[in-house]
Amino acid sequence: MSNRSSDRSSNGSSGRSSDRSSDHPVAPVSPVSPVARIATASRVAVIGTGYVGLTTGACLASLGHHVVCADADPHKVDRLRRGEVDILEPRLPELVRDGQASGHLEFTQDTKASVAGAEVVFFCLPTPMGVGGAADLAAVEAVSDEIRTALPHGCVVVNKSTVPVGTAERVAALLGRPDITVVSNPEFLREGHAVHDFLHPDRIVIGAAEQEAARRVAGLYAPLDAPVVLTDTASAEIAKYAANFFLAMKLSFVNNLATLCEHFTADVDDVVAALGHDPRIGPAFLKPGPGWGGSCLPKDTHALLTVCEESGVEFPLLRATIDTNVEHQSRLVERVVAECSPGPGTPHDARPGTLPGALPGAQPGARPSALSGGPSDGSGGSAHGSLHGVTLALLGLTFKAGTSDLRDSPALAIARRLRERGAELRAYDPALSETRPDLSDLLTIVDTPEKAVEGARACVVLTEWPQFRDLDWEAVAGLLTAPVVYDFRNLLDPDRLARAGLSWQGIGRSLAMVS
Ligand SMILES: NC(=O)C1=CN([C@@H]2O[C@H](COP(=O)(O)OP(=O)(O)OC[C@H]3O[C@@H](n4cnc5c(N)ncnc54)[C@H](O)[C@@H]3O)[C@@H](O)[C@H]2O)C=CC1
Ligand SMILES: O=C(O)[C@H]1O[C@H](OP(=O)(O)OP(=O)(O)OC[C@H]2O[C@@H](n3ccc(=O)[nH]c3=O)[C@H](O)[C@@H]2O)[C@H](O)[C@@H](O)[C@@H]1O
């Protein structure tokens, strides 16, 4: 394609306020600075009003475009028409209500009707993990079929969903409309920062076989101050998977690094700080945790793996990235099992220092050779320990702080493994205490942290909600039967916990180092 180029938008590059260079899971939600409105408004349809579609629709409307959003879920459409947004995204409810009030934003359940008069039609449809790990394109295919005859002559169909390479061509074939160009315009927003990221993107990637279609899509974003990468559809599709794969790779790297640090009584946070000063590496996205998850990183890495396997392309790093995540979670679970299993000589109500591998929480530094990690031989300790009769308190269930999304949450993956080992689980998550999703086959959701820890054998922090830092840890110590806190986000202040009489166990950091 002739328009392969990497350039900057006409607005230049200054002034963007993206906070991703310092991105880590506990980053505060960044303020969204105002963005100028468009000079020439377009008529846009957005199909699918989830995290990506609703954000796209509401933000494009805020720029001055006329947007009709369609969704197959009638309840969601009803709620949106009433201005009710059921996902946790700062500023999104306001943008939805403003868009409706100004007449720039409408919602319908009628997908076919939504495209009437549209110059640009966005697909923001789910592409979940399907059989064998491949991306399930059922929604994309169904909608292509549904709207093919209703699309206005010469309009542009834009795929914002994350899809395997070749999908733009496939959608074009399904539409069977030579007058219509299918453009790939992958989305890079993060949940919990969706509006900010949409209005202040690091880059806008547009893949198209026709310059005119690419220009029309780029024009929609004209007020945003962002670099635009114009390319072909295959490159745009690969760029999206490559970004999520690279992010996952950083996390698998840092989680393995944490294990290495545990082995040598080093401090992973200091190691990352040292790495991060090198501008070729940077500090972002290197916070160790309970494994990476969420609605996209797991499904996208698996989908890319399937693409590689099907096309006969070897990409060993990708397999290693996925496997490392699973192994990391096993290691964390085995740590808990090894220390909390009510085996001989491990009484349920043991005090600090009497647990195998536990650190004397009230005396940081008293055992400098003791690591926050459990067995560091890579095996993660005994795989045979049982947690039958053991109650554990889980703090945090969402896949990261700032969202209520549970899709592929590492917290749930760890909970499932602990449950398989026989543990009774009581969980508190600030984003779920009102909605209380039914997870009754796995755990009990309670509405305060105190109810979670009362009578529990230990507490496991799985999501980095900042408010956990300020819990009444003295009260927690009094409610747990053994005063151990597994901080799998390195969120808490170990000295603060020690003062409360709790033994803190983080990832990749020894108590000797943190004190
Ligand atoms: N969630 C995220 O942070 C990001 C997601 N993506 C990608 O964007 C795509 C959408 O993701 P989300 O917005 O998270 O999904 P979502 O699950 O939140 O929303 C999808 C919406 O599409 C609707 N839908 C499903 N089938 C439909 C049909 N046949 N007709 C009309 N509406 C239909 C659903 O009712 C739902 O409201 C996926 O490919 C995802 O990988 C890309 C970047 C960020
Ligand atoms: O394609 C997508 O859907 C999106 O996927 C991720 O965004 P998101 O799923 O919102 O979540 P992230 O903030 O990337 O976090 C993913 C996982 O990594 C974990 N994480 C993240 C950063 C870190 O330093 N450490 C860490 O453990 C989080 O806790 C979480 O489990 C990408 O960051 C977005 O750019 C992308 O658009």
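Q: In this predicted model, which residue of β4 is the bridge partner of V67?

A: When strands lie side by side, a reader can look for residues that are matched across them, and in β4 the partner that bridges to V67 is L105.

Q: In which sense do strand β3 and β4 pair, and over how many bridges?

A: Strand β3, which covers residues 66–70, pairs with β4 in the parallel sense, and the pairing runs over 4 bridges.

Q: Where do the side chains along strand β4 point?

A: Here one follows the strand residue by residue and notes the face each side chain takes. Along β4 (residues 105–108) the side chains alternate, with L105 and F107 pointing to one face, where they are buried, while E106 and T108 point to the other face and are not buried.

Q: Which residues come nearest to ligand 1?

A: The shell around a ligand can be read by asking who is in it, and around ligand 1 there are 27 residues, of which G48, G50, V52, S161 and T162 come nearest. Two helices, α1 (51–62) and α5 (138–147), each supply at least two residues of this shell, and by class the shell has 13 nonpolar, 9 polar and 5 charged residues.

Q: What does the domain assignment of the chain give?

A: The assignment gives domain 1 as 5–231 and domain 2 as 233–515, and 35 residues of domain 1 are in contact with 33 residues of domain 2. On the side of domain 1 that touches domain 2, α6 (167–175) and β8 (204–207) each supply at least two residues, and the residues of that side divide into 19 nonpolar, 12 polar and 4 charged.

Conventions. Residues numbered from 1 in each chain as written. Chains lettered and ligands numbered in written order. Predicted model: local features only at pLDDT ≥ 70, side-chain atom pairs only at ≥ 80, totals over all residues. Near = placed C-beta within 6 Å. Nonpolar A, V, L, I, M, F, W, Y, C, P; charged D, E, K, R; others polar. Buried ≥ 20, exposed ≤ 12 C-beta atoms within 10 Å, placed from the backbone. Pairing = 2+ DSSP bridges. Domains from an automatic or database assignment. Contact = placed C-beta atoms within 7 Å.
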